[in-house]
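Here is a quick walk through the cross-links, charge pairs and sheet packing of this model. Keep the viewer open and follow along.

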Amino acid sequence: MRQLAKPGAAKGRPRRAVVGAKEKAVAGSFRRLCFAAVLAVTFFLYYRFSQLDDPCRGRYIHVYPLPPRFNTDMTRDACRGDNNGGGRWPAGICESIDNAGLGRPLADPADGVLTDEDGWYGTRQLALDIIFHNRMKRYECLTNHTAVATAIFVPFYAALDFARYAGQDNVTRDAASVDLAEWLKWRFLDDRQRPQDGHDNFLVAGRTARDLARDGGNSGGPNWGTNLLARPVGRNLSVLVLESSLAPNASEFAVPYPTYFHPRTDADVFGWQDRVRGLQRKWLMAFVSDKPRGTDNAATATIHDHVMAQCKASDACGHLQPDPDCATGTDHGQCHSPVKAMRLLQSATFCLHPPPGGSPPSYTRRWVFDAMVAGCIPVFFHPASAHLQYRWHLPEDHAKYSVFIPEAGVRAGTASIEAVLRAISASTVARMRGEVVRLIPQVVYADPRGKLETVKDAFDIAVDGMLDRVARLRH
C-alpha cells in the first residue's frame, strides 16, 4: 500500500540543496564576470600603454584585397601575346610597366648624363599606379584590420584602365569604374567599424583628375576618359592624381609625375645631389617642347607656342623638339629620348614650363620634375602649373625654388623671358638652385625594391599628407 507523504514535506531535492546550488551558480557567474573584467582591463591597459610606444600609431594603413581584375590582371593582359596586348594597349606598354612599374633600364651613356644605370628607367606616367602599389606592399605600418587603420588604400590601376580602353565607347571605358564602385559600396556596408563616407579611402592614378571625371563638370567633354571620379563613390574617395582639377571641395590631391630617377638607397640620392650641384650650365634657359598645338597666328597660338617661339629666337635657350613621328597628345616623355632630355636639362640654369594646353586642359608636364632632378630652376607661366598644385611636395613660398612670369605678358609680346631671367642676381640663382637640389628626394619615387633610410621621397610625403588629411577630417 503506497504511503502518503506527510503534509509540508518538500518534493524533489531538499530546499537547502536547491539554495546551495543557486549560490554556487551565482558565485561561478560572478567569478567568470570578474575574470572577464580583469581581462578587459588588462587588454585596455596593454593597448593604451603599448600605443604610447607604437611607432605606427596613427599611421596604420589597410590595403583592400581587391580582386585581381582591378590591378594585376591588367598588367598581365598588357603583356599577353605581344607588346601591346593584342592591340588594345598603347604600343610598348609591356616594357613600360616592367621592373615593378619603373620601365626599361636606361643605359649610362659615355658622357655620364646618368650616373648609375641601376637607378634610371624609362618610366611612363601611367605606371605611377603600379609603382605606388609596390611601394605600399612594403610600407612599414600595414595592418590586416580595418578597425585599426587610419586610412585604407584602394589598389585600382585607374591609369592602366584609362589606357586600355582609350577610344572605345563610354560603356566600355566605364565598365571597371562601375565594377569598382559596386565592390566598394558593399565593402562600406560590411565594415560597420569605419565611417561610411569613404573619405579615408584613397587610390592613386597616373592621370590628371579631368581624365577620370567625364561628365563631372571638369572633364574634357562627353567622350573623353572615364567617369570614375564623377560617380558617387568616386566623389567620396580621396584620389592622388598627377594634376588636380582645382574644383571646390574636390577630394583630389596632386602628386609629382614619375621621373626617370628611382634611387634605391640614401647614397644614391646624396650622390646625385652632389653631382648636379657642381654641373657647368652653358644655357641660361632650356625648353623641352611638345608639338605645337596652336597656329602661326599670334591670336590663336597657345602659351606653349609663344614660349617656344621666344626660345627659338634666343641664343641663350636650348631647345629639344619632340620626335617628328610622335602623335600629338602622347604621354609626356614618350616623344623624347630620356638621355637627350636629361642632357639638356642638366646644362641649363632655368627650365621653361608653359602649360601644354590641349583638351581637357592641362597645366603641368612631367618635365617640371625631371628638370628639378637635373637641378634646373623651374619657370612657370600659370599658377596652376605648380603653385596651386603639389602642396604636399613643394614649398609654400614658391619664390624660393621657382620663377613666375605671367603668361599675359608673354602672349602680348611685352614680356621677354630672357630679360626677366637675366635680371635675377647670381646670389639669388645660387640660393634657388640650392633649394631645387634640396627638393630632389621629395619629387622622385624610390625603387620599390630598395629602401631609403633617412630621407623621404614622393611616396612617403604623399602618405603623410593623406594620413594628416584623415586625422583632420576626424577632428
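## Disulfides

This is a predicted model, and 4 disulfides turn up in it. Let's start with the one that joins Cys56 to Cys141, with an S to S distance of 2.0 Å. Cys56 sits in the loop between helix H1 (15-52) and strand E1 (61-63), while Cys141 sits in the loop between helix H4 (128-137) and strand E2 (151-153), so the bond ties together parts that are 85 residues apart in sequence. The S-S torsion for Cys56 and Cys141 is about -75°, which makes this disulfide left-handed. As for solvent, Cys56 and Cys141 are both buried.

Next up is Cys79 with Cys94, where the S to S distance is 2.1 Å. This pair links distant parts of the chain: Cys79 is in the loop between helix H2 (72-78) and helix H3 (93-96), Cys94 is in helix H3, and 15 residues separate them. Here the torsion about the S-S bond is about 110°, so the link of Cys79 and Cys94 is right-handed. Is Cys79 buried or partly exposed? Its relative accessible area is 31%, and a residue counts as buried only under 20%, so Cys79 comes out as partly exposed.

Then there is the disulfide of Cys311 and Cys317, with sulfur atoms 2.0 Å apart. Its S-S torsion is -90°, and the link of Cys311 and Cys317 is left-handed. Cys311 is buried at a relative accessible area of 2%, and Cys317 counts as buried at 7%.

## Salt bridges

Now for the charged side chains. The count comes to 20 salt bridges. One of them pairs Arg135 with Asp457, and the closest N and O atoms there are 2.4 Å apart. The two residues belong to distant parts of the chain: Arg135 is in helix H4 and Asp457 is in the loop between helix H14 (426-439) and helix H15 (458-474), 322 residues apart. Arg135 and Asp457 are both buried.

Another salt bridge connects Arg210 and Glu243, with the closest N and O atoms 3.8 Å apart. What does this pair tie together? Arg210 lies in the loop between strand E3 (201-204) and helix H7 (232-236), and Glu243 lies in the loop between strand E4 (238-241) and strand E5 (252-254), so the contact spans parts 33 residues apart in sequence. The relative accessible area is 10% for Arg210, which is buried, and 1% for Glu243, also buried.

Asp290 and Arg365 form a salt bridge too, this time with the closest N and O atoms 3.6 Å apart. Look for Asp290 in the loop between strand E6 (283-288) and helix H9 (303-313), and for Arg365 in the loop between strand E8 (348-353) and helix H11 (367-373); these are distant parts of the chain, 75 residues apart. Asp290 is buried with a relative accessible area of 12%, and Arg365 is buried with 1%. There is also a network of salt bridges, linking Arg59, Lys456 and Asp464.

## The sheet and its helices

Which order do the strands of the open sheet follow? The sheet has 5 strands, runs E1-E2-E3-E4-E5 and pairs in parallel. E1 and E5 are the edge strands with a single partner each, so one side of each has no neighbour in the sheet. On average, neighbouring strands here are turned by 25° against each other, ignoring direction.

To see one pairing up close, zoom in on E1 and E2: they pair in the parallel sense over 3 bridges. One bridge to look at is that of Ile61, whose partner in E2 is Ala151.

Two helices are worth adding to the view. H4 lies across E1, E2, E3 and E4, and it runs at about 130° to E3. H15 lies across E1, E2, E3, E4 and E5, and it runs at about 155° to E4. H4 is also the helix that holds Arg135, the salt-bridge partner of Asp457.

Notes. Residues are numbered from 1 along each chain as its sequence is written. This is a predicted model: local features need pLDDT of at least 70, side-chain atom pairs count only at pLDDT 80 or more; totals for chains, interfaces and linings use all residues. Side-chain values use heavy atoms; hydrogens and water are left out. A disulfide is a pair of cysteine sulfur atoms within 2.5 Å. Helices (H or I, at least four residues) and strands (E, at least two) are DSSP runs, numbered from the N terminus. Buried means under 20% relative accessible area, exposed over 50%, partly exposed in between (1.4 Å probe, protein chains only). A salt bridge is a side-chain nitrogen of Lys or Arg within 4 Å of a carboxyl oxygen of Asp or Glu. Two strands pair if DSSP finds at least two bridges between them. Axes are lines fitted to C-alpha atoms, for helices over the stretch in contact, and angles run from 0 to 180 degrees between N-to-C directions. Contact means heavy atoms within 4.5 Å.
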